[in-house]
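Please look over the sequence and the structure shown below before reading further. The explanation that follows is meant to be read alongside them.

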Amino acid sequence: MIGQTISHYRIVEKLGGGGMGMVYKAQDLNLGRAVALKFLPEELARDAQSLDRFRHEARSASALNHPNIVTVHEIVDSEAGSFLVMEWIQGETLRKSMQRGLDLSKLARYGIQVARGLRAAHEAGIIHRDIKPENIMVRPDGYVKLVDFGLAVTTISANGETGSLRLTREGTLVGTLAYLSPEQARTEMLESSSDIFSLGLVLYEAAAGRHPFAAPSQFATVNGILTQIPLAPSRLNSEISHSLEQLILAMLEKDARLRPSAGEVEQVLESLGGAKPAGQALILRTTVDRKTVGRGQELAELQTAFSAA
């Protein structure tokens with residue numbers, strides 16, 4: 001593909017890719033700008049559902065005009081295959097930034113921007129469903145872009161009615177296993193709070209230096225997401241403030257109704273990052289009635305496990 005010209009785009013270099021597409025840097029010969037082209041893998045290009053998801057990504061991202069969300073310019077059908085034309089983001093993934101180590105103030109600034117992007121998506125009725133460090137791009141100037149809406153799902157239809165437009169079969173597990181929400185792992189209908197849990201996993205990992213449910217296998221990690229209470233992140237990094245810890249643990253609530261919204265996450269991180277006066281407390285959703293059915297059995301099992309340990 002390198003050096004080829006498709007439509008009015010000359011492909012310059014390969015940027016990377018995964019199961020849902022290969023991404024190249026290209027030059028827009030009409031406008032003289034750098035862009036990113038995302039091609040479907042050949043085997044997926046012949047699959048109707050993959051094509052639908054690919055086009056859905058274009059519609060989802062292009063509907064979100066927000067500085068913290070990647071801009072999709074167009075979708076092109078060519079002899080070389082269908083591809084998305086997106087803005088080219090000079091920078092690196094949050095994963096690479098995390099590998100070098102992030103101070104907590106920088107993490108707060110990045111988290112604010114992701115939360116802003118998610119708030120815009122959620123207000124537009126779009127759930128990302130694949131929030132992870134690899135889908136968060138960081139530019140050299142510290143600007144953050146949320147990318148890859150290939151698994152996004154729309155929860156508000158064109159006529160404004162609440163619903164869910166699925167691109168996957170009922171009971172199909174979608175997303176990256178280590179960053180699933182509990183309801184995602186159970187293949188249940190999702191709300192925007194699912195993205196908040198996934199972002200909570202990202203913030204925990206970046207702040208504490210390890211995934212809260214790290215395990216020898218991905219399926220053991222998923223089991224932890226479903227059943228385990230995360231260790232307080234300050235136990236792993238003593239520099240984590242009580243406010244940041246409270247926020248992260250609230251985002252990782254198993255009960256989706258108790259998690260903060262993207263706007264609330266943004267608000268608390270702004271107070272921690274110095275964008276607003278400190279002292280703003282997170283408003284936890286303690287007014288929601290918790291389900292208590294089965295707690296007796298759960299308590300008995302915990303007591304048995306404790307005695308065995």
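The paragraphs below treat a small sheet, the nonpolar cores, two arginine side chains and two backbone positions in turn.

The structure is a predicted model, and every description here refers to that model. A suitable place to begin is an open sheet of three strands, whose order is E7-E9-E10 and whose pairing is antiparallel. Strand E7 (92-93) and strand E10 (144-146) stand at the edges; each has a single partner strand, so one side of each is left without a neighbour in the sheet. The antiparallel pairing of E7 and E9 extends over two bridges. In one bridge, Thr93 is partnered by Met137 of E9. A helix also belongs to this picture: helix H4 (residues 104-123) lies across E9 and E10 and runs at about 35° to E10.

From the sheet, attention may turn to the nonpolar residues. In soluble globular proteins, nonpolar side chains tend to be buried together. The largest nonpolar core of this model contains 57 residues, and among them Leu94, Leu199 and Val265 touch the most other members. Helix H6 contributes the largest share of this core, namely ten residues. A second core, separate from that one, consists of eleven residues, including Tyr9, Phe39, Val76 and Val85. Which residues does Leu94 contact, leaving aside its neighbours within four places in sequence? The contacts of Leu94 are with Leu102, Tyr110, Pro133, Ile136, Val138 and Val202.

The next residue to consider is Arg95, which is placed in helix H3 (residues 94-100). Is Arg95 buried or exposed? The relative accessible area of Arg95 is 18%, and the cut-off for a buried residue is under 20%, so Arg95 is buried. Two polar contacts of its side chain deserve attention. One of them, at 2.7 Å, is with the side chain of Glu134. In the other, the side chains of Arg95 and Tyr179 are joined, again at a value of 2.7 Å. When neighbours within four places in sequence are left aside, Arg95 is in contact with Pro133, Glu134, Tyr179 and Glu205.

Another arginine, Arg259, is found in the loop between helix H8 (242-251) and helix H9 (262-273). Arg259 counts as buried because its relative accessibility is 0%. What does the side chain of Arg259 meet through a polar contact of 2.7 Å? The partner is the side chain of Glu183. In addition, a polar atom of the Arg259 side chain lies 3.0 Å from the backbone oxygen of Ser193. The position of Ser194 may be compared along the chain and in space: Arg259 and Ser194 are 65 residues apart along the chain, and their C-alpha atoms are separated by 9.2 Å.

Finally, two residues merit notice for their backbone angles. Arg129 is not a glycine, although its phi is positive, at about 75°. This residue, Arg129, belongs to the loop between strand E8 (126-127) and strand E9 (136-138). Arg129 counts as buried because its relative accessibility is 7%. Thr187 likewise is not a glycine and has a positive phi, of about 55°. The loop that holds Thr187 runs between helix H5 (182-185) and helix H6 (193-208). With a relative accessibility of 22%, Thr187 counts as partly exposed.

Notes:
Residues are numbered from 1 along each chain as its sequence is written. This is a predicted model: local features need pLDDT of at least 70, side-chain atom pairs count only at pLDDT 80 or more; totals for chains, interfaces and linings use all residues. Side-chain values use heavy atoms; hydrogens and water are left out. Helices (H or I, at least four residues) and strands (E, at least two) are DSSP runs, numbered from the N terminus. Buried means under 20% relative accessible area, exposed over 50%, partly exposed in between (1.4 Å probe, protein chains only). A polar contact is a pair of N or O atoms within 3.5 Å; within protein, one must be able to donate a hydrogen and the other to accept it, and residues adjacent in sequence count only if both atoms are side-chain atoms. Contact means heavy atoms within 4.5 Å. A nonpolar core is a set of buried Ala, Val, Leu, Ile, Met, Phe, Trp, Tyr and Cys residues joined through side-chain atoms within 4.5 Å. Two strands pair if DSSP finds at least two bridges between them. Axes are lines fitted to C-alpha atoms, for helices over the stretch in contact, and angles run from 0 to 180 degrees between N-to-C directions.
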